[in-house]
Amino acid sequence: MQATGTIDYLDQLKQKLRAFIDNELLPFEREHEMDAEQKISMEQITWVRKRSKELGFYGINLPKELGGQSLSLKGLCVLKEELAKSGAVLWGHVLGEIGGPLRIGQMVNVFTPDQLTKYVMPVINAEAGCCFALSEPGAGSDARAIQTTAIRDGDSYILHGKKHFISAAPYADWAIVLAKEMVEPTNVSVTAFIVEKQTEERPGFELGKIQVPISGEHSTAELIFNQCRVPSTNILGQRGKGLMLGLNRINENRASWGATYLGVAQRLLDEAVDHAKERRQFGKPIGEFQAIQHMLAEMATELYAARCMLYDVIERMDHGENVRGQASMVKLYTSEVANRVADKAVQILGGQGLMKGHPVEKMYRDVRMFRILTGTSEIQKNIIAKELLSQS
Ligand SMILES: Cc1cc2nc3c(=O)[nH]c(=O)nc-3n(C[C@H](O)[C@H](O)[C@H](O)COP(=O)(O)OP(=O)(O)OC[C@H]3O[C@@H](n4cnc5c(N)ncnc54)[C@H](O)[C@@H]3O)c2cc1C
């Protein structure tokens with residue numbers, strides 16, 4: 001049995017994932033004429049989740065007793081990079097990033113045994129989806145400004161308010177929702193609740209508007225809580241500690257998203273190199289012009305630096321080090337590098353890189369989101385500077 005962090009093991013895992021992508025996932029998407037900017041059916045999502053579970057990828061980071069392989073964060077990042085590089089429409093459902101076990105993997109210790117059985121296990125078994133709902137129209141970077149309220153009523157709470165920009169909400173059977181409770185007139189605390197989707201038989205959240213961002217995907221939506229009754233047994237973690245739950249999860253989340261950003265950036269570089277070799281102008285491949293060569297060199301160099309940084313921080317996280325500031329550096333740098341790489345890729349592709357239907361045009365739009373999601377670049381700089389200035 002090989003340790004889950006060794007290079008051999010990770011290499012084998014990466015090859016197995018590549019084989020799945022090339023031999024099953026991409027052919028499935030071609031057969032169904034799938035397009036990332038069209039609505040994706042629940043049947044297609046369920047197919048990839050189930051197949052990925054059979055192959056051992058879905059929830060691979062979970063502990064063995066929950067059906068995972070306790071894969072290290074480094075291992076997860078290697079797989080995330082590979083998936084992002086593939087350009088597969090369903091990339092986010094292979095490891096369970098979009099509404100699957102990856103969303104809750106870092107929080108499994110917080111669920112009670114009953115909550116694990118009722119809510120987490122169906123997600124792990126690819127039979128249900130979930131989402132994490134913090135952001136609201138009035139609370140983005142400032143998470144403490146949330147306005148969704150939770151008022152205690154006997155053995156339950158009444159939730160009222162609205163969340164927006166929630167990834168995987170359209171596919172979610174339940175959500176982790178942060179709401180504020182007035183404990184005393186001046187004492188407000190934020191608690192996390194597990195809230196099921198409303199059906200005719202039970203109260204729950206209503207799905208609001210689908211919010212389509214610049215990338216064109218239909219996987220983000222509003223959640224509406226209209227005097228929604230939630231049993232107090234659905235409190236996740238400690239009452240009043242909801243923000244801690246969100247913030248604890250965010251460091252690993254932020255750093256590991258860097259792997260996705262770099263996977264996309266690598267694909268952009270590969271596309272630019274291929275184009276530079278093939279496209280001829282003035283009687284020769286454009287790759288023979290020094291201006292193009294320098295752009296490629298800058299893209300590759302930045303990508304290499306960003307990858308070194310990502311894996312240095314990820315390995316330190318795997319060893320239990322507190323690298324809060326560095327996690328923000330990874331989020332900041334990898335997302336900004338991906339944007340610079342995308343900009344140069346479009347420049348090298350010329351008009352083709354601007355055309356709908358070309359993967360570079362789509363990725364150019366995708367990477368623009370990276371500087372805003374999971375905390376904007378400005379917020380990462382605030383965190384890094386705060387750490388620097390608080391050191392004695
Ligand atoms: C596609 C998508 C998916 C998302 N998924 C989820 C999800 O699953 N769950 C969830 O809870 N949220 C989700 N979000 C919300 C996301 O986390 C927020 O959009 C992000 O944190 C920024 O908040 P905001 O959009 O309200 O921008 P704002 O906070 O309004 O920021 C606007 C601008 O002001 C700047 N700014 C704000 N405060 C400061 C400051 N103190 N110092 C310097 N500059 C500042 C920002 O950097 C930015 O440039 C998602 C968003 C998108 C677009």
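**Helix 7, the nonpolar core and the domains**

The buried residues of helix 7 are I292, M299, E302, L303, A306, L310, Y311, V313, I314 and M317. The structure is a predicted model, and helix 7 in this model covers residues 290-318. Its 29 residues, at 1.5 Å a residue, should span 42 Å, and because the end C-alpha atoms lie 42 Å apart, the expected and computed lengths agree. Beyond the helix comes G320, whose phi is positive, near 80 degrees.

Helix 7 belongs to a protein whose secondary structure comprises 10 helices and 10 strands. The C-alpha trace spans about 80 × 55 × 45 Å along its principal axes. For 392 residues, a compact globule would have a radius of gyration near 21 Å; the protein has 22 Å, so the value agrees with that expectation. Buried residues account for 43% of the 392 residues. Among contacts with a separation of 6 or more, 71% join residues 24 or more positions apart.

The interior can be followed through the largest nonpolar core, which holds 107 residues; A175 and F193 touch the most other members. Helix 8 gives the most to this core, with 12 residues. Setting aside residues up to four places away in sequence, A175 touches C130, C131, A133, V195, F205 and L223.

Helix 8 itself runs over residues 324-349 and includes A342. Is A342 buried or exposed? It has 26 C-beta neighbours inside 10 Å and therefore counts as buried, the threshold being 20 or more. Apart from neighbours within four places in sequence, A342 is in contact with L268, M363, Y364 and V367. Between A342 and G353, the C-alpha to C-alpha distance is 9.8 Å, with a sequence separation of 11 residues.

At the level of domains, the assignment divides the protein into domain 1 (7-124), domain 2 (130-239) and domain 3 (244-390). How far apart do the C-alpha centres of domain 1 and domain 3 lie? The distance between these two centres is 22 Å. Contact between this pair of domains involves 15 residues of domain 1 and 18 residues of domain 3. On the side of domain 1 that touches domain 3, the classes are seven nonpolar, three polar and five charged residues.

Conventions
Residues numbered from 1 in each chain as written. Predicted model: local features only at pLDDT ≥ 70, side-chain atom pairs only at ≥ 80, totals over all residues. Helix = DSSP H or I, 4+ residues; strand = E, 2+ residues; numbered from the N terminus. Buried ≥ 20, exposed ≤ 12 C-beta atoms within 10 Å, placed from the backbone. Contact = placed C-beta atoms within 7 Å. Rg over C-alpha atoms; globule rule 2.2 N^0.38 Å. Core = buried A, V, L, I, M, F, W, Y, C linked by C-beta atoms within 7 Å. Expected span 1.5 Å × (residues − 1). Domains from an automatic or database assignment. Nonpolar A, V, L, I, M, F, W, Y, C, P; charged D, E, K, R; others polar.
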